Amino acid sequence: MQEPKILMKPDDQLDLTPEELKEEFTRILTANNPHAPNNIVRYDFKDHCYKMKVGVDQLAVHFAMDGNMLHKESDEAKRQLAKLGIVGEVISEHTLSEVEVNVEEDDADAEGEPASAEDGDVP
């Protein structure tokens, strides 16, 4: 038998009247960048005067990641897996994350830094 859900009200929640609860607020989502300037003026050396730029770029990049994807059965993927030493194994996210950690540790060793604090080496 399931216990009934108990609704808990936060201490700082406002008590609204039924009229206030029925009131609707309309918000409009736009794709305009609020930090973009309204107008841009550039000097035109051909006409020897300032001219206003017609369009302002509204693009805002929030996330960018460089990389590439390979099909795991392609020749390039097989060469990379052979280089990492996991040929013939079942490839999973766990296996790939272990390989990435091992590669990072090898890079740190090559630079003369300890791979982890457990080595006991103090620079």
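The following questions and replies go through the terms used for this predicted model and the values behind them.

Me: What should I know about the numbering and the values before I start?
Reply: Residues are numbered from 1 along each chain as its sequence is written, and side-chain values use heavy atoms, with hydrogens and water left out. Because this is a predicted model, local features need pLDDT of at least 70 and side-chain atom pairs count only at pLDDT 80 or more, while totals for chains, interfaces and linings use all residues.

Me: What makes up the protein in terms of helices and strands?
Reply: The protein has three helices and two strands, and from the N terminus on the order is α-β-β-α-α. Helices (H or I, at least four residues) and strands (E, at least two) are DSSP runs, numbered from the N terminus.

Me: Why are S1 and S2 said to form a hairpin?
Reply: Two strands pair if DSSP finds at least two bridges between them, and here five bridges join S1 to S2, which run antiparallel. Four residues lie between the two strands of this hairpin. One of the bridge partners is known by name, since Val41 in strand S1 is matched in S2 by Met52.

Me: What makes His48 stand out in the loop between S1 and S2?
Reply: His48 has a phi near 55°, which is a positive value in a residue other than glycine. Most residues other than glycine have a negative phi.

Me: Is His48 buried or exposed, and how do you know?
Reply: Buried means under 20% relative accessible area, exposed over 50%, and partly exposed in between, taken with a 1.4 Å probe and protein chains only. His48 has 60% relative accessibility, so His48 counts as exposed. Val41, with a relative accessible area of 48%, is therefore partly exposed. In the whole protein of 123 residues, 7% count as buried.

Me: Why is the pair of Tyr43 and Phe45 called edge-to-face?
Reply: Rings of Phe, Tyr and Trp (its six-membered ring) pair if their centres lie within 6.5 Å, and planes under 30 degrees apart count as stacked, over 60 as edge-to-face and the rest as tilted. The structure holds two aromatic pairs. In the pair of Tyr43 and Phe45 the ring centres are 4.9 Å apart and the planes stand at 80°, so the pair is edge-to-face. Tyr43 and Tyr50 also form an edge-to-face pair, with 5.0 Å centre to centre and 70° between the planes. Ring pairs thus link Tyr43, Phe45 and Tyr50 into a cluster.

Me: How do you know which residues Tyr50 touches?
Reply: Contact means heavy atoms within 4.5 Å. Tyr50, which lies in strand S2 (residues 49-53), touches Val41, Arg42 and Tyr43, not counting residues up to four places away in sequence. Tyr50 nevertheless counts as exposed, because its relative accessibility is 62%.

Me: What makes the nonpolar surface patch a patch?
Reply: Patches are made of residues with over 30% relative accessible area and no salt bridge, where like charges are joined within 9 Å and nonpolar side chains (Val, Leu, Ile, Met, Phe, Trp, Tyr) within 5 Å. The patch here covers about 610 Å² and is made by Val41, Tyr43, Phe45, Tyr50 and Met52. Tyr43 is partly exposed because its relative accessibility is 35%, and Phe45, with a relative accessible area of 64%, is therefore exposed. S1 and S2 each supply at least two residues of the patch. The areas come from the Shrake-Rupley method with a 1.4 Å probe, and for residues only the protein chains shown count as cover.

Me: Why do Asp44 and Lys51 count as a salt bridge?
Reply: A salt bridge is a side-chain nitrogen of Lys or Arg within 4 Å of a carboxyl oxygen of Asp or Glu. The N to O value for Asp44 and Lys51 is 3.4 Å, and their side chains meet in a salt bridge. Salt bridges also link Asp44, Asp47 and Lys51 into a network.

Me: How many salt bridges are found in the whole structure?
Reply: A search of the whole structure finds four. Among them is the one between Lys9 and Asp15, whose closest N and O atoms are 2.4 Å apart. Another is formed by the side chains of Arg79 and Glu76, at 2.6 Å from N to O. Because Arg79 and Glu76 are three residues apart in helix H2 (residues 75-84), about one helical turn separates them.
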